[in-house]
Amino acid sequence: MAAEQPSVLVVEDEPAQREVLAYNLEAEGFRVTMAGNGEEALLLVSEDRPDIIVLDWMLPNVSGIEVCRQLKTRTETRSVPIIMLSARSEEVDRVRGLETGADDYVVKPYSIVELMARVRTQLRRTRPASVGERLEFEDIVLDAESHKVFRSGQILKLGPTEFRLLSTFMEKPGRVWSREQLLDRVWGRDIYVDTRTVDVHIGRLRKALCQHGGPDPVRTVRGAGYALG
Ligand code: CA
């Protein structure tokens, strides 16, 4: 189940604030990684790209703004949403002025409910299945909240791994996923699984999607991986 949880990186130098954030995000079902400074944050992101980053502006040495700027200039991390935390609204105005590319800004002291809502808004755009959205692709409907999949109105029987594979595909139809990327996303980074396992589950997914007929929507991209449509 781990890989289905959205992952969040919390970057905050004050331990108490960091703990509060982590506690609340974990309670909301997030997999939380924490960094106490900018250098650590940049290192962690290059090792394991999170789904979203909550980044404090005031950090020792490398500031939150600099971290944000660096992440938004790198192709690999550009699409990761960043929510900046700032102590004063004037700072937020400055961040906006600097055009660091942050996706949202929250002024401290913030309400945790408000912050969680902002986090979900960002994820609805980038990882819709992880926040219980309903995804549609051609005649396939995936309801992440009820964990059900329909094709042309008929319910499909799907194993948990196939469900995660399909939600990954449906979040970005047309995108080609390599076997390694699917392993990271669907099985999780910490679990050792052979890339051939991916092929096995793709086979099962194809079978499941066609259990009431219809063409196979999963495309094999030679030398690259798999895509939906
Ligand atoms: Ca701080």
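1. In this predicted model, Val-149 has Leu-156 of β9 as its bridge partner. The two strands involved, β8 (residues 148-151) and β9, run antiparallel and are joined by three bridges. They belong to an open sheet of four strands in the order β6-β7-β8-β9, in which the pairing is antiparallel. The edge strands are β6 (134-137) and β9 (154-156), each of which pairs on one side only. Neighbouring strands of this sheet are turned against each other by 25 degrees on average, with direction ignored.

2. A helix accompanies the four-stranded sheet: α6 (residues 160-171) lies across β6, β7 (140-143) and β8. With respect to β7, helix α6 runs at about 110 degrees.

3. A further open sheet is made of five strands in the order β2-β1-β3-β4-β5, and here the pairing is parallel. At its edges stand β2 (31-35) and β5 (104-107), each pairing on one side only. The average turn between neighbouring strands of this sheet is 20 degrees, again with direction ignored. Helix α2 (residues 38-47) packs on the sheet and touches β1 (7-11), β2 and β3 (52-56), while its direction makes about 140 degrees with that of β2.

4. Within the five-stranded sheet, the pairing of β4 with the edge strand β5 can be followed at residue level. Strand β4 (residues 82-86) pairs with β5 in the parallel sense over four bridges, and Ser-86 has Val-107 as its bridge partner in β5. When inspecting such positions it helps to recall that in a regular strand the side chains alternate between the two faces of the sheet.

5. Two loop positions deserve a careful look at the backbone. Lys-108 and Pro-109 are joined by a cis peptide bond, with omega at about -5 degrees, and Pro-109 is placed in the loop between β5 and α5 (112-126). Asn-61, which is found in the loop between β3 and α3 (64-73), has a positive phi of about 60 degrees although it is not a glycine. Both features can be set against the general background that most residues other than glycine have a negative phi, and most peptide bonds are trans.

6. How are helices α7 and α8 arranged with respect to each other? Helix α7 (residues 179-187) and helix α8 (residues 195-209) pack at an angle of about 75 degrees, and their axes are 9 Å apart. Because angles of 65 to 115 degrees count as roughly perpendicular, α7 is described as roughly perpendicular to α8. On the side of α7 the contact involves Arg-179, Glu-180, Leu-182, Leu-183 and Trp-187, which meet Thr-195, Thr-197, Val-198, Asp-199, His-201 and Ile-202 in α8. The residues of this contact divide into five nonpolar, three polar and three charged.

7. Regarding aromatic side chains, the charged end of Arg-175 sits over the ring of Trp-177, at 3.7 Å from the centre of that ring. How many aromatic pairs are there, if the ring centres of Phe, Tyr and Trp must lie within 6.5 Å? By this rule the count comes to zero aromatic pairs.

8. The last point concerns a hairpin. Strand β10 (residues 218-221) and strand β11 (residues 225-228) pair in the antiparallel sense over four bridges. Along this pairing Thr-220 stands opposite Tyr-226 in β11, and Val-221 has Gly-225 of β11 as its bridge partner. Three residues lie between the strands of the hairpin, in which Gly-223 takes a positive phi near 75 degrees.

Terms used:
Residues numbered from 1 in each chain as written. Predicted model: local features only at pLDDT ≥ 70, side-chain atom pairs only at ≥ 80, totals over all residues. Heavy atoms only, no water. Pairing = 2+ DSSP bridges. Phe/Tyr/Trp six-rings, centres within 6.5 Å; stacked < 30°, edge-to-face > 60°. Lys NZ or Arg CZ within 6 Å of the ring centre and 35° of its normal. Axes fitted to C-alpha atoms, helices over the stretch in contact; angles between N-to-C directions. Parallel < 35°, antiparallel > 145°, perpendicular 65-115°, else oblique. Contact = heavy atoms within 4.5 Å. Nonpolar A, V, L, I, M, F, W, Y, C, P; charged D, E, K, R; others polar.
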